[in-house]
Amino acid sequence: MTQITLINGDGIGPEISQAVVKIIDAAGLKIDWDIQSAGADVIEKEGTPLPERVLDSVRNNKVALKAPVTTPIGKGFRSVNVQLRKALNLYANIRPCKNIPNVKTKFDNVDIIVVRENTEDLYAGIEKQIDSDTAESIKLITRNASERICRFAFEYALKNNRKEVCVVTKANIMKLSDGLFLESFRNVSKEYPNIIKREILVDNLCMQLVQNPSQFDVLVLPNLYGDIVSDLCAGLIGGLGVAQGANIGDEYAVFEPVHGSAPDIKGLNKANPTALLLSAIEMLKYIGEDDFAYKIEKALYKTFASGLYTCDLGGNLSTTEFTNAIINNI
Ligand code: ATP
């Protein structure tokens, strides 16, 4: 039986991971879930929100499904998500944003892949208090990491029959750091003569995305722009409740939704499990369980087609009712 790490998270994490495990089980796929808790809830007992046992579990199983984990603000802990990505060298964050059949949105024909660099930029955590009135954060960009993520984006485009890769920067202002990212893109792009290349500034991209999103195909961005733009793209396809993601490195892969732990709806049986379910579906494809992936995807689409939604999408189903509806459709 395949063993996969399940980080069940906090906030709405445990509710939506339980839903997803139930759905995969109902589809008939037996997975030996190696359940690992992390985040605010384990700090008191283990002294850290990301104990080494969680990392060891992913190193051992190679693949993980991760529900959102909260990092307590202002207690001296670095973000669990950032730490996990760094420790396992999950340098590529992939966020596919595609219209979901029967989920109503402003635009049709949105099919964008956001490829976000995951290890550096302003997320490198290099911050300094200069004096009590001045703080400084360093934006770290290296040629190695930039070329690696741009190559990943082009390879993704090749494997998935995508036509264009567009690099997103603010290189007109940050001429050195974003300039290096752009230069890396241009260098790597020469290896891919059959893919269309495009360059855009991040502010212009945002305006174009909310006016005419279907013009975009694969986007590749440094860490911070990637974070912001992928939430914008999530809004285009129905919001955070349906936005999936994956963190991929050369050795390990961690699949997780774009959304956070949504403490405002914790324990209310209101959370939409779709984003985690879609992340799990991608995970199943990644481990070669395509038949089960498509079976679950079909059941999810059928549920939407019968007009069944959780509250965030304008419906009135609880997490449990929506989960059971998907299971009935399998
Ligand atoms: P983080 O900083 O961890 O991203 P956040 O509070 O900025 O956390 P989220 O936790 O993603 O962002 O929540 C943003 C809003 O979206 C909240 O109102 C939350 O209730 C809603 N939301 C997020 N995920 C879901 C979901 N799966 N189902 C329903 N509503 C959700």
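In this predicted model, 10 strands form an open sheet of mixed pairing, arranged in the order S2-S1-S3-S12-S11-S4-S5-S10-S8-S9. The edges are taken by strand S2 (31–36) and strand S9 (196–201), and because each of these has a single partner strand, one side of each is left without a neighbour in the sheet. On average, and with direction ignored, neighbouring strands of this sheet are turned by 25° against each other.

At the edge formed by S9, the pairing is with strand S8 (residues 164–169), in the parallel sense and over 6 bridges; within this pair, Val165 has Lys197 of S9 as its bridge partner.

Two helices can be described by their contacts with these strands. Helix H5 (residues 143–159) lies across S8 and S9 as well as strand S4 (92–98), strand S5 (111–117), strand S10 (218–221) and strand S11 (246–248), and runs at about 155° to S5. Helix H8 (residues 223–236) also packs on the sheet, where it touches S4, S5, S8 and S10, and its direction makes about 155° with that of S5.

Apart from the strands listed in the sheet order, there is a pairing between strand S6 (residues 127–131) and strand S7 (residues 134–137), which run antiparallel and are joined by 4 bridges. S6 and S7 form a hairpin with 2 residues between them, and Ser137 in S7 is the bridge partner of Glu127.

The two strand pairs are set out below.

| Strand pair | Sense | Bridges |
|---|---|---|
| S6 (residues 127–131) and S7 (residues 134–137) | antiparallel | 4 bridges |
| S8 (residues 164–169) and S9 | parallel | 6 bridges |

Technical notes
Residues numbered from 1 in each chain as written. Predicted model: local features only at pLDDT ≥ 70, side-chain atom pairs only at ≥ 80, totals over all residues. Heavy atoms only, no water. Pairing = 2+ DSSP bridges. Axes fitted to C-alpha atoms, helices over the stretch in contact; angles between N-to-C directions. Contact = heavy atoms within 4.5 Å.
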